[in-house]
Amino acid sequence: MRARVFVTLKPSVFDPQGKTIVDALHTLGYGGVEDVRQGKYFELELAAHSSETARSMASEVADKLLANPVIESYRIEIDGTSH
Amino acid sequence: MKTKFAVIVFPGSNCDHDAYYAAKDVLGQEAEFVWHKETDLRGADAVILPGGFSHGDYLRTGAIARFSPVMDAVRRFAAAGGPVLGICNGFQILLEAGLLPGAMLRNRELKFRCEHVHVRVDETDTPFTLACRPQQVLRIPIAHGEGNYFTTPDELRKLEQNRQIVFRYVDASGVASDEANPNGSIVSIAGICNERRNVVGLMPHPERACELAVGSADGRIIFESVLAARAAGVLTTAGSASA
């Protein structure tokens, strides 16, 4: 099964890259883009037969490695069907 | 009796030889490289996690290195009171490993800053600052893109209450300001210690400032402090710190 993990900086944490991107967009004339937050996206191929197992595996590796809980939070989506 | 420094080498460390040189050639002490796959610190009296780009900074700085086999030994050494110094990427590894609180963000201006800065020693009761005068200003270089120290307001209060903010970015006269802060670090933090004060991390590179020939010898006192701490008997040494 495939899990998709989206890691983003917590709302309370300043994102220097997102700020630079939104400034660039304003320079390009996209004044309507009010804010940008940059994050990371991971696709995990998992040897799991149920979405519950897949979710729990993805969540464990996100806690342990993919995200730093001091500054980041994450969201998981599970693709595919069980065998 | 000579003091033995273990310099941990991760794939991508690039200040390991500078740290080794500072300990062995400048201070005349013993130094050994310890590869990150090793599980023994070889009876070291002090451990240095050097600067560099361990594992290419992939994912987050220090995020992969924290799982290296040697880190279990470093953790045990620190838990036994042994002095551990993380410089730049070494500091980032200590943060990821949870041996020090907080995390690093990209520098405020997104620039990789490589220049000499002034840092003020705010706490002198650590094994790496014991020889410093209180509020002593050191001129040492930085070289990093992710040194923007961040922690939660609660954790920052704890750092301040416990006097864990060891180094701050200041101007030449010792005053902290936004202009003197090269990376946007919260309350101008350049380095901190743990509650027990034996684990210290800092972004500036004292090992690159140990001889006047390279522009400054101010960093030398960081390593000399270990010797002073040992002489003063406030250091847990190899015999008791080795697990």
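A salt bridge is taken here as a side-chain nitrogen of Lys or Arg within 4 Å of a carboxyl oxygen of Asp or Glu. By that rule, in this predicted model, 1 salt bridge turns up across the interface of chain B and chain A. The partners are B:Arg60 and A:Glu72, whose closest N and O atoms sit 3.7 Å apart. Polar contacts add to the picture, with 6 residue pairs found across the interface of chain B and chain A, both residues at pLDDT 80 or more. On the chain B side, the elements that put two or more residues against chain A are strand E5 (103-105) and strand E8 (148-150). Of the elements, E5(B) gives the most, with 3 residues. By residue type, this side of chain B splits into 9 nonpolar, 3 polar and 5 charged.

As for the extent of the contact, chain B and chain A bring 17 residues each. Together they bury about 1,300 Å², and carbon and sulfur atoms give 69% of that area. In chain B, the residues losing the most area to chain A are B:Leu59, B:Arg60 and B:Leu105, which together make up 37% of what that side buries.

Turning to helix H5 of chain B, residues 220-231, its 12 residues reach 17 Å from first C-alpha to last, close to the 16 Å expected at 1.5 Å a residue. Buried in H5(B) are B:Ile221, B:Ile222, B:Phe223, B:Ser225, B:Val226, B:Ala229 and B:Arg230. The buried residues of H5(B) pack against helix H1 (16-26) and against several strands of chain B, including E1 (4-9), E7 (137-144) and E9 (165-170). Just past the end of H5(B), B:Gly233 adopts a positive phi of about 75°.

Conventions. Residues are numbered from 1 along each chain as its sequence is written. Chains are lettered from A and ligands numbered from 1 in the order in which they are written. This is a predicted model: local features need pLDDT of at least 70, side-chain atom pairs count only at pLDDT 80 or more; totals for chains, interfaces and linings use all residues. Side-chain values use heavy atoms; hydrogens and water are left out. Contact means heavy atoms within 4.5 Å. Buried area is the accessible area (1.4 Å probe) that two parts lose on being put together, summed over both. A polar contact is a pair of N or O atoms within 3.5 Å; within protein, one must be able to donate a hydrogen and the other to accept it, and residues adjacent in sequence count only if both atoms are side-chain atoms. Helices (H or I, at least four residues) and strands (E, at least two) are DSSP runs, numbered from the N terminus. Ala, Val, Leu, Ile, Met, Phe, Trp, Tyr, Cys and Pro count as nonpolar, Asp, Glu, Lys and Arg as charged, and the others, Gly among them, as polar. The expected span of a helix is 1.5 Å times one less than its number of residues. Buried means under 20% relative accessible area, exposed over 50%, partly exposed in between (1.4 Å probe, protein chains only).
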